[in-house]
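Visitor: I would like a close look at a single part of this assembly, the place where two of its chains meet. Please take me through it slowly and in connected form.

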4 protein chains.
Amino acid sequence: MRVLTAGESHGQYEVGIIEGFPKGLRVDQAFIDRELKRRMSGYGRGARMALEIDEVHIVSGVRDKVTLGSPVAMLVRNRDVRIFAAKNDKQEQLVVPRPAHADLAGALKYADKDIRNILERSSARETVARVAIGALCKQFLAELGVHISSFTLSVGSAAVSRIPSSIAAILSAAKKSQLNCPDPKAELRMIDEIDKASKARDSLGGVCEVRAEGICPGIGSCMHFDKRLDSRIAGNLMSIPAIKGVEIGLGFEYAAKRGSAAHDKIYYARGQGFFHKTNRSGGIEGGMSTGEPIVARIAMKPIATLLRPLDSVNLTTHKKAKAVVERSDTCAIVACGVIAESMVAIALTESYLEKFGCDSLGEIKANYRNYLKSLK
Amino acid sequence: MRVLTAGESHGQYEVGIIEGFPKGLRVDQAFIDRELKRRMSGYGRGARMALEIDEVHIVSGVRDKVTLGSPVAMLVRNRDVRIFAAKNDKQEQLVVPRPAHADLAGALKYADKDIRNILERSSARETVARVAIGALCKQFLAELGVHISSFTLSVGSAAVSRIPSSIAAILSAAKKSQLNCPDPKAELRMIDEIDKASKARDSLGGVCEVRAEGICPGIGSCMHFDKRLDSRIAGNLMSIPAIKGVEIGLGFEYAAKRGSAAHDKIYYARGQGFFHKTNRSGGIEGGMSTGEPIVARIAMKPIATLLRPLDSVNLTTHKKAKAVVERSDTCAIVACGVIAESMVAIALTESYLEKFGCDSLGEIKANYRNYLKSLK
Amino acid sequence: MRVLTAGESHGQYEVGIIEGFPKGLRVDQAFIDRELKRRMSGYGRGARMALEIDEVHIVSGVRDKVTLGSPVAMLVRNRDVRIFAAKNDKQEQLVVPRPAHADLAGALKYADKDIRNILERSSARETVARVAIGALCKQFLAELGVHISSFTLSVGSAAVSRIPSSIAAILSAAKKSQLNCPDPKAELRMIDEIDKASKARDSLGGVCEVRAEGICPGIGSCMHFDKRLDSRIAGNLMSIPAIKGVEIGLGFEYAAKRGSAAHDKIYYARGQGFFHKTNRSGGIEGGMSTGEPIVARIAMKPIATLLRPLDSVNLTTHKKAKAVVERSDTCAIVACGVIAESMVAIALTESYLEKFGCDSLGEIKANYRNYLKSLK
Amino acid sequence: MRVLTAGESHGQYEVGIIEGFPKGLRVDQAFIDRELKRRMSGYGRGARMALEIDEVHIVSGVRDKVTLGSPVAMLVRNRDVRIFAAKNDKQEQLVVPRPAHADLAGALKYADKDIRNILERSSARETVARVAIGALCKQFLAELGVHISSFTLSVGSAAVSRIPSSIAAILSAAKKSQLNCPDPKAELRMIDEIDKASKARDSLGGVCEVRAEGICPGIGSCMHFDKRLDSRIAGNLMSIPAIKGVEIGLGFEYAAKRGSAAHDKIYYARGQGFFHKTNRSGGIEGGMSTGEPIVARIAMKPIATLLRPLDSVNLTTHKKAKAVVERSDTCAIVACGVIAESMVAIALTESYLEKFGCDSLGEIKANYRNYLKSLK
């Protein structure tokens with residue numbers, strides 16, 4: 001399975017291709033559009049978000065709503081394409097890199113003086129294609145009983161203090177929230193933080209959690225380091241713009257515990273097979289799924305573009321200057337969760353296909369059922 | 001550049017091949033052996049560690065100490081090979097999986113009742129080959145002025161309270177430490193924790209930090225998610241056995257800050273070029289190196305094998321049983337740092353070679369110097 | 001560098017993404033369109049070809065005609081999309097596989113009874129995306145002095161008897177030809193064969209030759225088998241639908257010669273450096289370019305779809321039946337040459353980028369010039 | 001599935017790692033050694049060949065003769081290691097590149113004046129590791145009913161005039177031959193050619209054919225060009241040193257035929273399923289196996305090293321000189337067939353694992369049987 005994305009923030013389309021995706025999956029295009037909408041949602045987004053609607057166009061790999069086994073290419077049109085429509089030399093160059101963005105490193109790497117040429121691709125807009133592909137992967141995984149969700153744990157210094165124990169209750173609580181947060185009191189504090197940051201023309205980050213449920217044990221690998229499920233998930237999550245930390249299960253909390261208090265004991269019950277009563281491991285041990293839900297948390301840094309711009313330097317004159325300001329949000333933690341779900345879905349799909357083959361859904365399901373039988 | 005490793009804990013050799021590695025690097029084999037020794041060092045390791053000496057055998061890709069541009073294969077002999085020498089059916093099967101290990105998930109994945117067949121490869125012994133390859137990568141990076149180091153931040157609940165500000169002072173302080181810890185008072189507390197855990201036949205994890213200095217800006221990519229330097233580093237670090245969390249720069253701390261307090265402003269000085277006075281980003285923005293030191297932290301869970309074994313289940317009888325006990329350490333945080341350095345070195349080498357070509361060191365250095373010139 | 005294509009014969013678009021392509025290349029879109037037009041040209045194509053015009057839409061990776069270093073995505077619209085517009089169950093199923101096509105093997109592989117679901121992707125229409133990407137690669141290679149061309153050596157039993165010795169003269173002669181053939185007398189015989197086959201509702205294949213000139217020595221690798229330039233070129237060429245043979249240099253003729261008569265001696269001239277007076281090797285020795293033109297020949301089998309269909313079997317009833325007939329050409333040897341040029345261009349671009357880095361054209365050219373200096 | 005090889009001609013070991021290889025295969029090490037011996041056999045090899053015995057050492061991935069699912073690393077010791085044992089500056093530099101070898105292109109690519117540094121890796125000795133890995137793949141494929149063999153079609157101008165129609169008869173005839181040739185009269189002529197070339201201190205190439213029988217239909221892909229089975233086989237075969245041409249099925253003969261005479265009609269028989277009465281396609285259509293035997297032919301150029309050396313140029317003085325002479329054979333066509341079998345086995349294994357998953361042989365066999373059922 002291979003995934004490539006393409007697209008600039010103000011280019012014509014965001015484009016994604018997934019190759020090696022199985023034949024025979026009935027595709028719910030409306031679901032993909034809902035995922036794209038979720039990617040733009042959440043309290044703290046700019047006004048523009050409310051106006052825009054992303055719509056997927058599946059232009060290959062699907063016939064009458066069913067995948068063909070061929071590469072699936074998806075397009076999402078960008079609304080504002082004036083920059084790419086106009087001639088370069090008619091446009092003002094952007095010459096003051098924004099701190100915390102790709103601007104400066106990119107300008108140096110590519111020996112360019114117009115950071116427009118960097119920021120168009122390094123923009124988080126690029127994650128549209130990942131969410132479209134992730135939504136397809138989610139539909140595949142759902143056929144094998146796997147469901148992926150996310151919710152917000154903190155925004156700035158406002159953090160949830162308690163969350164329901166069952167994922168169903170968490171999600172139901174989060175659903176009513178403008179911040180995808182399962183703790184209504186915490187949400188109020190989060191909104192307050194966002195309002196204050198917004199007023200100060202400042203920005204915020206946060207922490208969110210992704211869960212994947214219904215995973216069978218043995219997905220991933222303990223045989224080569226780069227096929228481990230935790231390695232793939234961490235690599236995929238850290239590739240999301242603004243993500244600076246990834247934890248699985250207890251994560252950093254693990255480091256302060258003794259083994260006897262940290263590890264999940266093993267049990268067996270007839271009918272159910274092997275299981276754990278705790279899930280501190282976050283569903284992954286030895287690079288493989290344990291059968292418990294996969295739980296990962298990520299830390300998002302505050303949005304890099306500030307409306308009250310930070311000190312920077314003009315690339316050409318080398319004089320002190322204020323960073324350029326592209327439109328910006330105050331906080332994008334909800335979007336971050338959606339993208340994280342997508343990246344986990346992509347990692348899981350890759351590992352499922354490695355185990356069960358990748359030609360057609362029917363064949364995969366039969367192979368999967370055989371495997372489930374062997375577990376009991 | 002491609003890396004494959006092979007080898008079981010009690011097999012004949014740990015094996016590593018690195019392909020696409022440049023010609024013309026003078027290899028210091030003693031340095032590789034010192035790295036292998038560091039991997040076995042640190043307070044809290046079992047008695048066996050003290051006895052064993054790992055020695056690298058470079059069996060291809062190097063002629064009279066200089067790389068040839070061909071794949072470099074390295075062997076490290078395992079001392080205890082009785083298990084692989086004997087016939088399977090003459091050996092006792094291991095049928096009680098150890099919690100927090102690959103044992104159970106592996107046994108299910110591969111439909112095996114003898115977890116010996118899983119644990120031989122999933123053992124952390126496998127990281128020997130990674131450290132050997134990482135040591136080679138470090139020597140390549142050193143030719144371009146890059147140096148990678150690590151130190152311990154916490155063991156169990158004992159954490160450093162202050163560390164020197166310069167990396168030179170940190171490393172000099174850590175060098176005298178049995179735990180690679182730059183804070184002598186914290187080290188005493190760490191040793192105390194280890195002693196107590198050891199007496200309780202329990203185990204500990206910890207946190208360590210890896211730094212790479214001398215990186216030029218623009219290494220990595222903002223153009224495709226899986227070529228981002230942070231994604232590669234996170235994937236590589238999370239692939240180390242027992243690692244459950246990865247942070248870059250401020251990491252999770254970022255989530256609680258406002259943008260104005262979180263981001264590194266940009267400065268310029270003649271002769272020096274662009275720079276930052278702070279390094280909260282940990283040296284990576286937009287998937288690329290900024291030119292500041294790369295700083296990553298990882299959380300290690302307590303060692304999975306406890307000498308006072310946890311509850312588990314017999315794979316065959318499905319009856320409750322105590323987990324099998326292979327020899328074990330109490331804490332391996334120092335080793336963890338060494339392996340983390342290696343995995344960062346591998347990620348950086350891959351990204352450097354992508355930017356500067358990969359035929360020979362002379363050519364790469366010339367290309368590199370040209371690039372440095374363009375930065376000023 | 002990575003390439004993915006997507007698209008079905010009657011789907012909305014043929015799609016191609018090339019990732020890892022350098023920044024700073026001025027793109028001539030009209031050149032890509034001319035290449036697409038060449039792909040549809042040649043005596044022996046069906047009437048539909050004359051009517052269709054393929055036009056590339058570059059939807060990402062290029063700003064104001066210059067590449068950005070980001071993935072370049074290209075779309076080519078398909079004219080006839082009725083099949084994908086309609087509902088599957090409103091359409092007649094195609095149940096008789098055509099011999100020599102992917103139909104039967106695909107239907108079995110994917111457990112499908114409607115070969116429409118196979119043939120849409122396995123159609124040679126898919127090569128549109130390869131030609132678009134190849135045209136981009138050609139423009140990159142041209143910046144380094146590399147030029148790729150092809151010409152027809154035979155159609156059915158009609159073969160060239162003599163061709164000019166210089167590539168300039170060959171191409172000039174071929175340019176006037178309806179069959180891209182540099183021997184006008186042979187061309188008449190080829191046209192006659194095509195006319196006869198067409199009248200008989202039969203089909204033809206042929207042989208064509210691809211040449212790449214201006215290659216510097218040392219491109220490719222002798223260090224790992226799958227990085228050899230000959231391996232990549234052969235893999236790429238054999239992946240073209242209907243290709244059943246690939247030769248480099250003397251190819252099969254080599255097998256009948258003695259070494260003393262087969263090998264290219266080595267010479268040196270001041271200013272010119274090392275060279276050969278003969279080029280039996282086809283410009284590749286030890287997996288690397290020698291500096292002489294790269295010469296490859298491919299054999300195309302007759303077009304698989306016959307208007308007078310062959311015997312086959314109904315997939316459902318298992319009864320004997322005549323194969324389904326999609327529209328078809330009599331001979332597509334000219335197209336084959338164009339696609340072959342593209343596949344060679346892709347292989348060469350990959351190998352050039354490996355040697356010289358891949359960030360921006362300016363940097364690559366500087367590295368390239370340094371290398372050229374080292375050769376003399 | 002990934003394969004890496006390492007090793008120089010006079011280095012300590014030839015090394016191969018295959019990663020992603022399934023667990024549960026019983027390994028016959030003697031079979032691997034027999035394959036290694038076949039690689040050194042055949043009339044026309046130098047005296048040294050007769051003396052040497054290659055022996056595989058499986059140092060990982062196998063426990064008590066059964067694969068573990070972990071990477072399998074194999075070593076084959078080189079007998080003559082004096083060159084790597086000695087210091088470089090104590091050894092005579094080789095400064096006159098041999099025509100038709102990697103010598104010149106490699107020396108230029110790597111800016112080296114001592115071609116010893118090139119030829120050690122570019123030597124055909126490197127194929128030892130491929131044959132070892134291929135032998136393992138053959139054992140895996142045999143579990144699924146697939147058997148691969150090769151035989152010689154020509155040596156220099158001496159070619160078989162008739163071969164038995166059944167593969168069993170071919171192989172039985174070839175077995176008695178010193179040149180793996182199924183036509184005894186042709187073999188006599190081949191031996192005569194070799195004797196004459198040997199006396200003239202010259203060298204010869206030839207043509208051999210590889211067949212893989214017992215392939216189920218649907219292996220490979222029609223969905224992306226680089227996953228096509230023909231592309232993989234051609235790339236793998238062309239990567240063998242000295243190979244300059246690859247054909248599948250009729251190969252170049254196809255180009256001269258009309259479609260009606262070239263294509264294999266489709267039949268069906270109860271119990272047997274779909275089949276063809278002819279196999280002009282060489283068992284591959286649309287990038288997938290048809291279920292008929294896979295038939296590929298390759299052309300080997302004469303051995304590059306001549307005992308009566310060709311004209312060349314001194315790399316340092318730029319003066320005319322005779323090429324250096326390493327020991328050499330007159331003809332290695334039998335070895336070539338063995339290596340070709342290995343490369344086909346590797347390509348097939350990769351494609352089988354993609355279709356049926358890759359964890360353990362038991363699981364793969366169950367998935368395979370399910371698929372076979374679906375074919376009827």
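Guide: What follows is one connected account of the contact between chain D and chain C, with its counterpart between chain A and chain B set beside it.

The model is a predicted one, and the description of the contact begins with how the two chains are related. Chain D can be laid on chain C with an RMSD of 0.0 Å, by a turn of 180° combined with a shift of 0.0 Å along the axis. That is the relation of a two-fold axis. The residue of chain D that comes closest to this rotation axis is D:Gly235, whose C-alpha lies at 2.0 Å.

The contact itself takes 96 residues from chain D and 96 residues from chain C. Because 100% of the interface residues of chain D are also interface residues in chain C, the copies meet through the same surface. Between them, chain D and chain C bury about 7900 Å², and 67% of that area is on carbon and sulfur atoms. As for specific pairings across the boundary, there are zero salt bridges between chain D and chain C, whereas 39 residue pairs are in polar contact, counting pairs with both residues at pLDDT 80 or more. On the side of chain D that touches chain C, the element that gives the most is helix H9 (residues 229–238) of chain D, with six residues. Divided by class, that side of chain D has 49 nonpolar, 27 polar and 20 charged residues.

The strands add a further connection between the two chains. Strands of a sheet pair through backbone hydrogen bonds, either parallel or antiparallel. Here strand S11 (residues 243–248) of chain C pairs with strand S10 (residues 243–248) of chain D in the antiparallel sense, over three bridges. Within this pairing, C:Val246 stands opposite D:Val246 in S10(D).

Seen in its wider setting, that pair of strands belongs to an open sheet of 10 strands with antiparallel pairing, in the order S9(C)-S8(C)-S10(C)-S16(C)-S11(C)-S10(D)-S15(D)-S9(D)-S7(D)-S8(D). At the edges stand strand S9 (158–159) of chain C and strand S8 (158–159) of chain D, each with a single partner strand, so one side of each is left without a neighbour in the sheet. Inside the part that chain C contributes, strand S10 (residues 206–213) of chain C and strand S16 (residues 294–300) of chain C pair in the antiparallel sense over seven bridges, and there C:Val210 stands opposite C:Ala296 in S16(C).

The counterpart between chain A and chain B can be read in the same order. Chain A can be laid on chain B with an RMSD of 0.0 Å by a turn of 180° and a shift of 0.0 Å along the axis, and in chain A the C-alpha nearest that axis is that of A:Gly235, 2.0 Å from it. In this contact 96 residues of chain A touch 96 residues of chain B, and since 100% of the interface residues of chain A are also interface residues in chain B, these copies too meet through the same surface. The buried area is about 7900 Å², of which carbon and sulfur atoms give 67%. Across the interface of chain A and chain B there are zero salt bridges, while 39 residue pairs are in polar contact, again with both at pLDDT 80 or more. Helix H9 (residues 229–238) of chain A gives the most to the side of chain A that touches chain B, with six residues, and the residues of that side divide into 49 nonpolar, 27 polar and 20 charged. Strand S10 (residues 243–248) of chain A and strand S11 (residues 243–248) of chain B pair in the antiparallel sense over three bridges, with A:Gly245 opposite B:Glu247 in S11(B).

The zero count of salt bridges between chain D and chain C can be set beside the count over all chains, which comes to 112 salt bridges. One of the salt bridges joins the side chains of A:Glu341 and A:Arg38, at 2.7 Å from N to O. This pair links distant parts of the chain, with A:Glu341 in helix H11 (residues 333–356) of chain A and A:Arg38 in helix H1 (residues 29–39) of chain A, 303 residues apart.

Terms used
Residues numbered from 1 in each chain as written. Chains lettered and ligands numbered in written order. Predicted model: local features only at pLDDT ≥ 70, side-chain atom pairs only at ≥ 80, totals over all residues. Heavy atoms only, no water. Least-squares fit on C-alpha atoms with pLDDT ≥ 70 in both. Contact = heavy atoms within 4.5 Å. Buried area = accessible area lost by both parts, 1.4 Å probe. Salt bridge = Lys/Arg side-chain N within 4 Å of Asp/Glu carboxyl O. Polar contact = N/O pair within 3.5 Å; in protein donor to acceptor, adjacent residues only side chain to side chain. Helix = DSSP H or I, 4+ residues; strand = E, 2+ residues; numbered from the N terminus. Nonpolar A, V, L, I, M, F, W, Y, C, P; charged D, E, K, R; others polar. Pairing = 2+ DSSP bridges.
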